[in-house]
Amino acid sequence: MLGYKEAQCKHRGLTAVPINLPIDIKQLDLSYNNLTRLDANIFLRYTYLEKILIDNNNIKKLNAKAFNGLSSLKYLFMSNNYLNITETYPTGVFESLRNLSVLDISRNMKTSEFYPYRLPVDELSNLRELSIDLVFNATFGQEFKKLLSLQTLRFDYCHVNFLYNGTFLEMPVQIKEFHMTTCKDFVVVEVGVLFHFPHLKVLNLTNSNFHLTQALQLLHPFQNKSMDAILFRGITHAGSQHGLDSVILKPETMRYISTICIKTLDLSNNKIVIFRNRSLVLFQHPECFENMMLSANSFSLETWAVSFFILVRKMINIEIFDFSYFPLGFKEPIFLDVVTNVNHTRVEKVQHKVT
């Protein structure tokens, strides 16, 4: 049996895929080079490849036969290039990748103009994770519905400022993880935008500009269900021009989230100034919590101490309860990042600057 061989070719100034590497390599890292295109059959020599990294190049063109011979490929990373979702991907470009499980083509769209998605993703019948940019006025084609194995959907570069109830209607309904983490402009959403994902287990809006009270309304479809993680850290930005700045949590704003059995909840850095009418203790399933993060908000212990102790007593399975960095502000707080991977959730420390 062939051993696992890797070819590390990043930061080499390459302008083409090398053709003199061992034929039995299983991983090829070409990131941070100067490739501008992928020609036909360029990887045909390396039929054992399982993972290719071509991120952070200048790729603008893909030949329809660029990935010929790569039937064993499981991971393809092409982020931070110039792969236009409307013009770059010819029909048949993914036909050979019948075993591809993870595709990352994010951080390629550099502008916020409207572009229709013309991606032959229906050729990727075994794709489980897709990372892609969310363009302005996004409309997806019928080919996305054919991704019957897709479990995780990640939107990295996010150019939208309005999400409609029908925005994701062409996406497969079995999605379990939905990540949208770089929406810097204020995003207005219709309340039914996530109704199309009834099986969602992870909802991650970290650092996007939704405003917490609006994001809590998106949880309407998940009432009385179980979720692994709801991650709303840093989604209430300062200086909002829409009259939505500080957050006051009331029973009516908590009415959906309070019914959900949640393992991990992150509401950190959201300018929460007060929990009114004991809204913090309205959770109907406190025994579900394993991790709760409320750090870097603006409410004081004096206003929620009673609710805090009532809640903690009921959280019989809690492992982490983080309420650091408040009520005062800190320049470089260390938050707890929640990482999901193959139905497993872990918590890591990561330092962020609060602006």
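Is Y32 buried, exposed or partly exposed, and what is its relative accessibility? Hold on to that for a moment, everyone. What we have here is a predicted model, so-called local features included only where confidence allows.

Back to the opening question. Y32 is partly exposed, because its relative accessibility is 40%. You will find Y32 in the loop between strand 2 (27–29) and strand 3 (37–38). Its phi is near 60°, which is a positive value in a residue that is not glycine.

K271 has a phi near 60° as well, again positive and again in a residue other than glycine. Look for K271 in the loop between strand 16 (261–266) and strand 17 (272–275). With a relative accessibility of 22%, K271 counts as partly exposed.

Now for the empty spaces. The largest pocket has a volume of about 630 Å³. It is lined by 25 residues, and the closest to its centre are R154, D156, H179, T181 and N204. By class, that lining has seven nonpolar, 10 polar and eight charged residues. Several strands each supply at least two of the lining residues, among them strand 6 (75–77) and strand 9 (152–158). Strand 20 gives the largest share, four residues.

And what about enclosed space? There is one cavity of 30 Å³ or more, and the largest cavity holds about 40 Å³ of space. Its lining includes L163, F168, F178 and M180. Here the residues divide into 10 nonpolar, no polar and no charged. Do turn the model around and find these places for yourselves. Thank you!

Methods
Residues numbered from 1 in each chain as written. Predicted model: local features only at pLDDT ≥ 70, side-chain atom pairs only at ≥ 80, totals over all residues. Heavy atoms only, no water. 1 Å grid on protein atoms, 1.4 Å probe; cavity = no way out; pocket = protein on both sides within 12 Å on 5 of 7 lines; lining within 4 Å. Points joined across faces, edges and corners; volume = space filled by probe spheres on them. Nonpolar A, V, L, I, M, F, W, Y, C, P; charged D, E, K, R; others polar. Buried < 20%, exposed > 50% of the residue type's maximum accessible area, 1.4 Å probe, protein only.
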